[in-house]
Amino acid sequence: LYSSSRQLASEQPQQAPAVQPAAGSSSSSSSSSQQTQGQTLLQPQQDISVPSARDSPQQPLAAVYGARRVTAKQKAAGVQKREGIVHVNSTLNNTIMVLTDRDHKVQTWTSGGTVGYKNANKATPMAAELAAKELAKKAVSMGFHSVVVKLKGMGKNKQFAVQSLAANGLTVTQLWDVTPIPYNGCRLPRRRRV
């Protein structure tokens with residue numbers, strides 16, 4: 001008992017408190033030898049009570065709980081204003097737009113096909129405008145007020161999409177062209193015979 005309680009006290013002092021022996025038992029000599037060697041028995045943890053305003057009515061709440069900071073988020077009423085990133089991918093067959101937050105987590109997306117266009121009509125400037133309008137409405141309802149637009153791909157549909165985003169309640173702060181440019185990369189596919 002002596003060796004096991006000493007190991008518990010040295011390894012895990014807070015998790016395994018030692019139990020004091022009852023008075024008049026034969027282990028009283030061992031407990032006295034523990035105290036003489038510098039080993040003290042652990043006491044069980046005491047309950048810590050949090051002071052409340054009822055216990056001390058003469059003190060203000062700031063003195064009991066500490067000062068409270070009011071942040072800008074608490075001051076702003078309603079929907080928080082957020083900044084996002086709109087990725088516009090303009091291909092030969094469609095225009096796909098994705099709205100992400102600053103951590104690049106996808107919030108919503110639209111494309112020329114989701115607004116009702118089919119086949120070759122998905123690649124028209126009108127489809128890009130309507131898709132951007134739909135994305136702007138969703139972004140404003142989520143609390144986004146300004147966006148960084150990253151353009152990728154070829155064609156003029158990107159330009160129509162950016163104009164539609166700016167006209168439908170979003171502030172475009174930056175325009176980035178992130179179209180990948182190969183430096184003598186892969187061989188191009190053969191030209192179409194029309």
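Modeller: A residue counts as buried under 20% relative accessible area, as exposed over 50%, and as partly exposed in between (1.4 Å probe, protein chains only). At 81% relative accessibility, N184 is therefore exposed. The structure shown is a predicted model, in which local features need pLDDT of at least 70 and side-chain atom pairs pLDDT 80 or more, while totals for chains, interfaces and linings use all residues. Residues are numbered from 1 along each chain as its sequence is written, and side-chain values use heavy atoms, without hydrogens and water.

Biologist: What percentage of the residues in the chain is buried?

Modeller: Of the 194 residues in the chain, 23% are buried.

Biologist: How many helices and strands are there in the chain?

Modeller: Helices (H or I, at least four residues) and strands (E, at least two) are DSSP runs numbered from the N terminus. Here the chain holds six helices and five strands. Along the sequence, their order is α-α-α-α-β-β-β-α-β-α-β.

Biologist: How should one read the sign of phi, and which residues have a positive phi here?

Modeller: Most residues other than glycine have a negative phi. H104, which is not a glycine, has a positive phi of about 65°. H104 sits in the loop between β2 and β3 and is partly exposed, with a relative accessible area of 48%. N184, also a residue other than glycine, has a positive phi near 55°. N184 belongs to the segment after β5 (171-177).

Biologist: How many salt bridges are counted, and which side chains meet?

Modeller: A salt bridge places a side-chain nitrogen of Lys or Arg within 4 Å of a carboxyl oxygen of Asp or Glu. The count in this model is one salt bridge. Its partners are R102 and E83, at 3.4 Å from N to O. The pair links distant parts of the chain, 19 residues apart: R102 is in the loop between β2 (95-100) and β3, and E83 is in strand β1.

Biologist: How does the accessibility of each partner read?

Modeller: R102 has a relative accessible area of 43%, so it is partly exposed. E83, at 35%, is likewise partly exposed.

Biologist: Which residues form a nonpolar patch on the surface?

Modeller: Nonpolar side chains (Val, Leu, Ile, Met, Phe, Trp, Tyr) are joined into a patch within 5 Å, and like charges within 9 Å, if the residues have over 30% relative accessible area and no salt bridge. I96, V106 and W109 form such a patch, with about 290 Å² of accessible area together (Shrake-Rupley method, 1.4 Å probe). Within the patch, V106 lies in strand β3, which covers residues 106-111. V106 is exposed because its relative accessible area is 55%.

Biologist: Which residues line the second largest pocket?

Modeller: A pocket is an open set of points on a 1 Å grid over the protein atoms alone, with room for a 1.4 Å probe and protein on both sides within 12 Å along at least five of seven lines; lining residues have an atom within 4 Å of a point. The second largest pocket is lined by N89, S90, T91, L92, K152, G153, M154, T179 and P180. Strands β1 (82-90) and β4 (144-153) are the elements giving two or more residues to this lining.

Biologist: Is S90, one of the lining residues, buried or exposed?

Modeller: S90 has a relative accessible area of 2%, so it is buried. S90 is part of strand β1. The C-alpha atoms of S90 and A161 are 9.6 Å apart, although 71 residues separate the two along the chain.
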